[in-house]
Amino acid sequence: MMQQTLYPDFLRRLTVDSKDDGKRFTVTTRIEEIETLLRESNYHLVHKGDLLLIYARQTDPTQWKVLISSHIDCVYQNCFMEDTGDYWKGTFDNSATNAALVNLMLHDKLNESVIIAFTGDEEINSCGAIEVMNTLY
């Protein structure tokens with residue numbers, strides 16, 4: 001059984017840098033952390049692309065019904081997360097959503113028909129989303 005991990009712990013681990021140049025990831029710290037966190041989970045990395053990680057519990061694509069997409073590229077130069085006891089402060093450029101998804105995935109709280117895409121280049125040309133589309137269809 002998985003040791004209970006709290007959301008702030010995931011948030012702290014995923015509030016790290018991730019950059020891309022619109023074609024591929026150039027800084028992969030957050031990607032590596034996501035892969036590490038999910039390595040022993042019930043989720044399988046079903047596709048790793050230049051701007052994309054796709055995870056699923058169900059490896060049969062005919063069973064996939066819902067896609068959740070969350071960008072992992074970050075605009076901040078120095079990422080940090082601090083739990084003050086009363087509130088969290090930091091540079092959360094979507095690490096909050098990334099942490100919520102990883103938390104749900106590690107605790108098997110998503111339906112088996114859900115696949116999750118972590119993408120890059122969401123602010124300029126949406127190449128991560130285009131890569132999802134080209135990969136799935």
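The legends below describe close-up views of a predicted model.

**Figure 1. The open sheet and its strand order.**
Strands S3, S4, S8 and S5 form an open sheet in the order S3-S4-S8-S5, with mixed pairing. S3 and S5 are the edge strands, each of which pairs on one side only. On average, and with direction ignored, neighbouring strands of this sheet are turned by 20 degrees against each other. The pairing of S5 with S8 is parallel and runs over six bridges. Ser69 stands opposite Ala117, a residue of S8. Helix H2 packs on the sheet and touches S3, S4 and S8. The direction of H2 makes about 15 degrees with that of S4.

**Figure 2. The buried residues of helix H4.**
In helix H4, which comprises residues 127-136, the buried residues are Gly128, Glu131 and Val132. These residues lie on the same side of H4, because they cover an arc of only 105 degrees around its axis. They pack against four strands: S3 (44-49), S4 (52-56), S5 (66-71) and S8 (114-119).

**Figure 3. The buried face of helix H1.**
Pro8, Phe10, Leu11 and Leu14 are the buried residues of helix H1. Seen down the axis of H1, they fall within an arc of 160 degrees and so line one face of the helix. The packing partners of these buried residues are H2, strand S6 (81-83), strand S7 (88-90) and H3.

**Figure 4. The surroundings of Phe10.**
Phe10 is found in helix H1. With a relative accessibility of 2%, Phe10 counts as buried, since the cut-off for that class is under 20%. When residues up to four places away in sequence are not counted, Phe10 touches Thr5, Leu37, Ala99, Val102, Asn103, Leu106 and His107. Gly22 is twelve residues from Phe10 in sequence, and the two C-alpha atoms are 26 Å apart in space.

**Figure 5. The largest nonpolar core.**
The largest nonpolar core has 23 residues, of which Ile34, Leu38, Tyr55, Val102, Met105, Ile116 and Phe118 touch the most other members. At least two residues of this core come from each of H1, H2, S4, H3 and S8. Helix H3 supplies the largest share, five residues. Leaving aside neighbours within four places in sequence, Leu38 is in contact with Tyr43, Tyr55, Val102, Met105, Leu106 and Phe118. Apart from the largest core lies another core of seven residues, including Ile54, Trp64, Ile115 and Ala117. In soluble globular proteins, nonpolar side chains tend to be buried together.

**Figure 6. Two salt bridges formed by helix H2.**
A search of the whole structure finds eight salt bridges, and two that involve helix H2 are described here. Glu33 and Arg13 meet through their side chains in a salt bridge with an N to O distance of 2.4 Å. This pair links distant parts of the chain, with Glu33 in helix H2 (residues 29-38) and Arg13 in helix H1 (residues 7-14), 20 residues apart. Glu33 counts as buried at 18% relative accessibility, whereas Arg13 is partly exposed, with a relative accessible area of 38%. In the second pair, Glu35 forms a salt bridge with Lys48, and their closest N and O atoms are 3.0 Å apart. This bridge also links distant parts of the chain: Glu35 belongs to helix H2 and Lys48 to strand S3, 13 residues apart. Glu35 is buried, with a relative accessible area of 15%. Side chains of opposite charge can pair when their charged atoms come close.

**Figure 7. The salt-bridge network at Arg57 and Asp108.**
Arg57 forms a salt bridge with Asp108, in which the closest N and O atoms are 3.7 Å apart. Arg57 lies in the loop between S4 and S5, and Asp108 lies in the loop between helix H3 (95-106) and S8, so the pair ties together parts that are 51 residues apart in sequence. Asp108 counts as partly exposed, at 33% relative accessibility. Arg57, Asp108 and Glu112 are joined into one network by salt bridges that share partners.

Terms used. Residues are numbered from 1 along each chain as its sequence is written. This is a predicted model: local features need pLDDT of at least 70, side-chain atom pairs count only at pLDDT 80 or more; totals for chains, interfaces and linings use all residues. Side-chain values use heavy atoms; hydrogens and water are left out. Buried means under 20% relative accessible area, exposed over 50%, partly exposed in between (1.4 Å probe, protein chains only). The arc is that of the directions from the helix axis to the C-beta atoms. Contact means heavy atoms within 4.5 Å. A salt bridge is a side-chain nitrogen of Lys or Arg within 4 Å of a carboxyl oxygen of Asp or Glu. A nonpolar core is a set of buried Ala, Val, Leu, Ile, Met, Phe, Trp, Tyr and Cys residues joined through side-chain atoms within 4.5 Å. Two strands pair if DSSP finds at least two bridges between them. Axes are lines fitted to C-alpha atoms, for helices over the stretch in contact, and angles run from 0 to 180 degrees between N-to-C directions.
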